[in-house]
Amino acid sequence: MPEEPAENISGGDAGGGTAAEFVPAEADTRAEAVVDELGQMYWQKAYGGQDAFECLVRTILSQNTSDVASQPAHDSLMDRYAGGDGDSADGDLAAALADAEQSALAETIASAGLYNQKSEMIIGAAERICESFGGADGFDEFVKDEDPDTVRKRLLDIHGVGPKTADCVLLFSGGRGGVFPVDTHVHRIGRRMGLAPADADHEDVREHLEADVPAEKCGFGNDTLQLCYTGARKTASIMAVNTS
C-alpha cells in the first residue's frame, strides 16, 4: 500500500487521525462502489484530531495551489508564530496571527502564492476567532463539539472561508462523519464519472456524494477521488467500476 504523501492538506503523518482498516461492504450506490474498490488498496486512516485553527490556516494556504507549494508556507508560518517564542503570543497561534504584521506574514508564506491575499485572510480569521472564541483552544473545542451544521455556518461567515475550506476543517480537525470536501479535482472527476450531474456546481457535487457515500467513508472517498485524478493506474481502476 502506498504511503500517505508527506505534503498533504490533511497534515500527513502529523495531521491527526488514527490508523484504520478498510472494510468493504455491498455498495448501494455507484459512488460507494468507487470508494469500496479503491478503499481496499488505499485506505490508511480515519481523519480527525488536527488542531482546528492550524487546520484552517493550512487550508487557506492550500487555496489555488498544490500541497507541495503550501506545505513549506505552513511550516514557515508555524516556525515563526507558534510555540511560545519568536512572534508567538503565549503559544496561542490565533492570538499570534491576530497581532501579526501583514507584510511579515505575507513574506513568511510567500511559497504558497497569493501571499498578500492569504495573509490578510489569515489575520482576519485569527481576529474573528479570538473575538468569538477567546483563541485557538476555544475554537478547537467549538469545531470538535458543536453541531456540524452550526460549525459550518460559522466558518462560512469568516472572510476567505468557502465550502471546501469549511469542510476540510470539519473533517481533518473535527473528524466528522458524512463530510466530503469538494475541491476542483473532486468536482471534475465526480461529474465525469456520473457521480453527480454534468452541470453540477461544487455544492451540488458535495450534496450528491454525501448522500451516496456512507458517513464513515466520506473522508476516505474524498482522498480516493483525488487519487484517481492524479494517476492513470488509479483512474483505470475506478473506470472499471464505473462501467461495470
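Colleague: Before we look at helix 10 and helix 11, when is a crossing left-handed?

Modeller: A crossing is left-handed if the near helix is turned anticlockwise from the far one by less than a right angle. In this predicted model, helix 10 passes helix 11 in just such a left-handed crossing.

Colleague: And at what angle do those two pack?

Modeller: Helix 10, residues 184-192, packs against helix 11, residues 202-212, at an angle of about 65°, and their axes are 10 Å apart. That makes helix 10 roughly perpendicular to helix 11, since 65 to 115 degrees counts as roughly perpendicular.

Colleague: Which residues meet there?

Modeller: From helix 10, Thr184, Val186, His187 and Arg191 meet His202, Val205 and Leu209 of helix 11. By class, the residues of this contact divide into 3 nonpolar, 3 polar and 1 charged.

Colleague: Switching to helix 2 and helix 6, how do they pack?

Modeller: Helix 2 (residues 52-62) and helix 6 (residues 115-133) pack with their axes 10 Å apart, at an angle of about 160°, which makes helix 2 roughly antiparallel to helix 6. Their crossing is right-handed, and the contact of helix 2 with helix 6 has 10 nonpolar, 1 polar and 1 charged residues.

Colleague: What about helix 8, which of its residues are buried?

Modeller: In helix 8, residues 148-156, the buried residues are Val151, Arg152 and Leu155. They cover an arc of only 100° around the axis, so they lie on the same side of helix 8.

Colleague: What covers them, and which exposed residues sit on the face turned away?

Modeller: The cover over the buried residues of helix 8 includes helix 7, helix 9 and helix 11, while the face turned away from the buried side carries the exposed residues Asp149 and Lys153.

Methods. Residues are numbered from 1 along each chain as its sequence is written. This is a predicted model: local features need pLDDT of at least 70, side-chain atom pairs count only at pLDDT 80 or more; totals for chains, interfaces and linings use all residues. Side-chain values use heavy atoms; hydrogens and water are left out. Axes are lines fitted to C-alpha atoms, for helices over the stretch in contact, and angles run from 0 to 180 degrees between N-to-C directions. Helices (H or I, at least four residues) and strands (E, at least two) are DSSP runs, numbered from the N terminus. Angles under 35 degrees count as roughly parallel, over 145 as roughly antiparallel, 65 to 115 as roughly perpendicular and the rest as oblique. Contact means heavy atoms within 4.5 Å. Ala, Val, Leu, Ile, Met, Phe, Trp, Tyr, Cys and Pro count as nonpolar, Asp, Glu, Lys and Arg as charged, and the others, Gly among them, as polar. Buried means under 20% relative accessible area, exposed over 50%, partly exposed in between (1.4 Å probe, protein chains only). The arc is that of the directions from the helix axis to the C-beta atoms.
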